[in-house]
Structures are given as C-alpha cells and as structure tokens.
Amino acid sequence: MYSDTLSYHLDAALQRHGSRTALEDASYRLTYADLDVLSLTWARRFRALRLNEGDRIVTLTGNSLWSAVALLAALRSGVVEVALHPSDAWSHLLGILHEVR
C-alpha cells in the first residue's frame, strides 16, 4: 500500500490508537479497534454482495457514528457512499435515489 494514500493513513491511525475512543454517542462507544473491525467487516460484506469499485451504496444513517463506519467501509472497499439524512423530505430523498441508480 502506498504511504501517501488516505487508506494508508486511516489504517495507521486505527492501528496506532487501538483502545482509545474513536466515536461515541448516547447509545454506543466505539474504540479505534472496534471501528477497524466493523468497517472491515462492512467492506467485506459489500464485496460479498458483489459491489465493485465505483459502485454506489446509499445510506440513511443521519449524523451518527454509523455514518462514520459506513464511510470508512466504503473507502476501504472502493464503493461510493451516497449519504442521505432521514430528516430530509421524501421528495428530496426520492430525487437523489433516482439520480444515483
């Protein structure tokens, strides 16, 4: 892996900070190690679903720690995340979904 890539720096930070808190909300606390495992698991799942580099996934996570997990998994797998917010109007969400299919 090239040392000047985003993926390289993310992987290094995840390894370096292991047990430190990476993300926290009212319900969950994820360490960097947790974030590493979850994002790799999701990235592998994307590949198992036969999603290829450049394919799009749509997430509806809002501003949550899960949106960060999804983004990191997308970066690691090469898919493109289209992040939507659940508070957006249905007409807006449907318009975006129509554009990304």
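The legends below describe close-up views of a predicted model.

**View 1. A salt-bridge network joins Asp 11, Asp 36 and Arg 76.**
Two salt bridges are counted in the structure. In one of them, the side chains of Asp 11 and Arg 76 meet at 2.4 Å, N to O. This pair links distant parts of the chain, for Asp 11 belongs to helix α1 (residues 6-17) and Arg 76 to helix α3, 65 residues apart. The side chains of Asp 36 and Arg 76 form a salt bridge at 2.8 Å, again given from N to O. Asp 36 lies in helix α2 and Arg 76 in helix α3, so this salt bridge ties together parts that are 40 residues apart in sequence. Is Arg 76 buried or exposed? Its relative accessibility is 16%, and Arg 76 therefore counts as buried, since the term applies under 20% relative accessible area. Asp 36 is buried as well.

**View 2. Tyr 28, Trp 42 and Trp 66 form one aromatic cluster.**
A search of the whole structure finds two aromatic pairs. The ring centres of Tyr 28 and Trp 66 are 5.3 Å apart and the ring planes stand at 80 degrees, so this pair is edge-to-face. Its members come from distant parts of the chain: Tyr 28 is in the loop between β1 (21-24) and β2 (29-31), whereas Trp 66 is in helix α3 (residues 65-77), 38 residues apart. How are the rings of Trp 42 and Trp 66 arranged in their aromatic pair? They are stacked, with 6.1 Å from centre to centre and 15 degrees between the planes. This pair also links distant parts of the chain, with Trp 42 in helix α2 (residues 32-48) and Trp 66 in helix α3, 24 residues apart. The three residues of the cluster can also be described by their accessibility. Tyr 28 has a relative accessibility of 44% and so counts as partly exposed. Trp 42 is partly exposed, with a relative accessible area of 27%. Trp 66 is likewise partly exposed, at 25%.

**View 3. Strands β3 and β4 pair in the parallel sense.**
Strand β3 covers residues 56-59 and strand β4 covers residues 80-83, and four bridges are found between them. One of the residues involved is Arg 56, whose bridge partner in β4 is Val 80. Between the two strands the chain passes through α3, and this β-α-β crossover is right-handed. Which side chains of β3 point to one face and are buried? They are those of Ile 57 and Thr 59, while Arg 56 and Val 58 point to the other face and are not buried. The side chains along β3 thus alternate.

**View 4. Gly 54 and Val 79 come together in space.**
Gly 54 is located in the loop between α2 and β3. Its relative accessibility is 42%, so Gly 54 counts as partly exposed. How far apart are Gly 54 and Val 79 in sequence and in space? They are separated by 25 residues in sequence and by 4.9 Å in space, C-alpha to C-alpha.

**View 5. Val 58, Trp 90, Leu 94 and Leu 97 make a nonpolar surface patch.**
The patch has an area of about 430 Å². Which helix gives the largest share of this patch? Helix α4 (residues 90-100) does, with three residues. One of the residues in this helix is Leu 97. Leu 97 is partly exposed, with a relative accessible area of 34%, and so passes the limit for patch residues, which is over 30%. Val 58, another member of the patch, also appears in View 3, where it is one of the residues of β3 that are not buried.

Conventions: Residues numbered from 1 in each chain as written. Predicted model: local features only at pLDDT ≥ 70, side-chain atom pairs only at ≥ 80, totals over all residues. Heavy atoms only, no water. Patch = residues over 30% accessible without salt bridge, like charges linked within 9 Å, V, L, I, M, F, W, Y side chains within 5 Å. Areas by Shrake-Rupley, 256 points an atom, 1.4 Å probe, with all protein chains shown as cover. Salt bridge = Lys/Arg side-chain N within 4 Å of Asp/Glu carboxyl O. Buried < 20%, exposed > 50% of the residue type's maximum accessible area, 1.4 Å probe, protein only. Phe/Tyr/Trp six-rings, centres within 6.5 Å; stacked < 30°, edge-to-face > 60°. Pairing = 2+ DSSP bridges. Right-handed = clockwise from strand over helix to strand, strands pointing away.
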